[in-house]
Amino acid sequence: MTGRCALLLRAVNVSGANRVPMAELRALLSDCGGLQNVSTYIASGNIICDTPKDLARARADVRALVAEEFGVDTPVIARTHAELARAEREDPFPDAELDKMVHAMFLEGEAAAGAMEQLTARLQPGERVALVGRELWIDYGRGGVASTKLTRAVLDRALGTAGTGRNRNTVRTLVRLTAPA
């Protein structure tokens with residue numbers, strides 16, 4: 001594989017939980033051997049690097065490193081530049097009122113059968129969901145994440161696979177950061 005990719009850590013540095021200092025992580029990953037040209041974007045666990053030959057192995061290595069060094073066992077979900085660009089192009093909610101309320105949840109695997117029915121039943125007024133490939137898009141509407149019933153536990157149970165969310169603005173930035181030079 002060539003190009004750049006993003007390794008997305010789930011639920012780090014959110015509300016003071018699962019603390020993983022990005023500067024320390026960046027230094028450790030640069031010494032890790034398998035990852036090249038490592039950078040991070042904001043504190044929420046976005047690692048940008050050259051796409052390793054064995055992406056599955058890189059994900060496992062990063063997960064093990066984060067668990068060992070920081071005591072945080074968290075899924076690491078990878079997306080190449082092409083996958084990120086496709087997700088951005090296929091955003092099902094271009095008409096959303098507020099960009100920051102639209103999130104792409106990048107899934108580790110395929111969503112379970114019946115997931116959308118379960119999630120749709122829990123929507124609050126103004127919320128929308130759409131499954132596009134391995135991304136679950138959520139438009140939280142004006143109520144935002146604070147008023148949703150689509151909690152991490154509900155999403156995990158319905159989807160049957162781990163996922164990590166990034167708002168639309170972050171998705172756009174990740175596309176730019178992984179773009180060929």
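**Close-up views of salt bridges, cores and a helix**

**View 1. D99 is partly exposed, at 28% relative accessibility.** This legend, like those that follow, describes a predicted model. R172 also counts as partly exposed, at 31% relative accessibility, because this value falls between the limits of 20% for buried and 50% for exposed residues. The side chains of D99 and R172 meet in a salt bridge, with 2.9 Å from N to O. This pair links distant parts of the chain, since D99 belongs to the loop between α3 and β5 whereas R172 belongs to helix α6, 73 residues apart. Elsewhere, R79, R86, E90 and E135 are joined into one network by salt bridges that share partners.

**View 2. The side chains of R134 and E83 form a salt bridge, at 3.3 Å from N to O.** R134 is placed in the loop between β6 (128-132) and β7 (135-139), and E83 in helix α3, so that the pair ties together parts that are 51 residues apart in sequence. R134 is partly exposed, with a relative accessible area of 24%, and E83 is likewise partly exposed, with a relative accessible area of 24%. The structure as a whole holds 15 salt bridges.

**View 3. A salt bridge joins the side chains of R128 and D95, at 3.1 Å from N to O.** Because R128 lies in strand β6 and D95 in the loop between α3 and β5, the pair ties together parts that are 33 residues apart in sequence. Here the two partners fall into separate classes of accessibility: R128, at 27%, counts as partly exposed, while D95, at 56%, counts as exposed.

**View 4. Helix α6, which spans residues 168-178, carries the buried residues R168, T170, V171, T173, L174, V175 and T178.** The cover over these buried residues includes the strands β1 (4-9), β2 (39-41), β3 (46-50), β5 (102-107) and β8 (163-167), together with helix α3 (81-89). At the N-terminal end of α6, N167 acts as a cap, with a side-chain oxygen 3.0 Å from the backbone nitrogen of N169.

**View 5. The largest nonpolar core consists of 21 residues, and L7, L25 and V62 have the most contacts inside it.** At least two residues of this core are supplied by each of β1, α1 (22-30), β3, α2 (55-70) and β4 (76-80). Helix α2 gives the largest share, six residues. When neighbours within four places in sequence are left aside, L25 is in contact with L9, V20, I47, L65, V66 and F70. Another core, of 18 residues, lies apart from the one just described, and I48, V102, A104 and A130 are among its members. As a general background to such groupings, nonpolar side chains in soluble globular proteins tend to be buried together.

**View 6. R10 is found in the loop between β1 and α1.** Its relative accessibility is 9%, and R10 therefore counts as buried, because the limit for that class is under 20%. Apart from its neighbours within four places in sequence, R10 is in contact with T74, P75, R152, D156, A162, G163 and T164.

How values were computed
Residues numbered from 1 in each chain as written. Predicted model: local features only at pLDDT ≥ 70, side-chain atom pairs only at ≥ 80, totals over all residues. Heavy atoms only, no water. Buried < 20%, exposed > 50% of the residue type's maximum accessible area, 1.4 Å probe, protein only. Helix = DSSP H or I, 4+ residues; strand = E, 2+ residues; numbered from the N terminus. Contact = heavy atoms within 4.5 Å. Polar contact = N/O pair within 3.5 Å; in protein donor to acceptor, adjacent residues only side chain to side chain. Core = buried A, V, L, I, M, F, W, Y, C linked by side-chain atoms within 4.5 Å. Salt bridge = Lys/Arg side-chain N within 4 Å of Asp/Glu carboxyl O.
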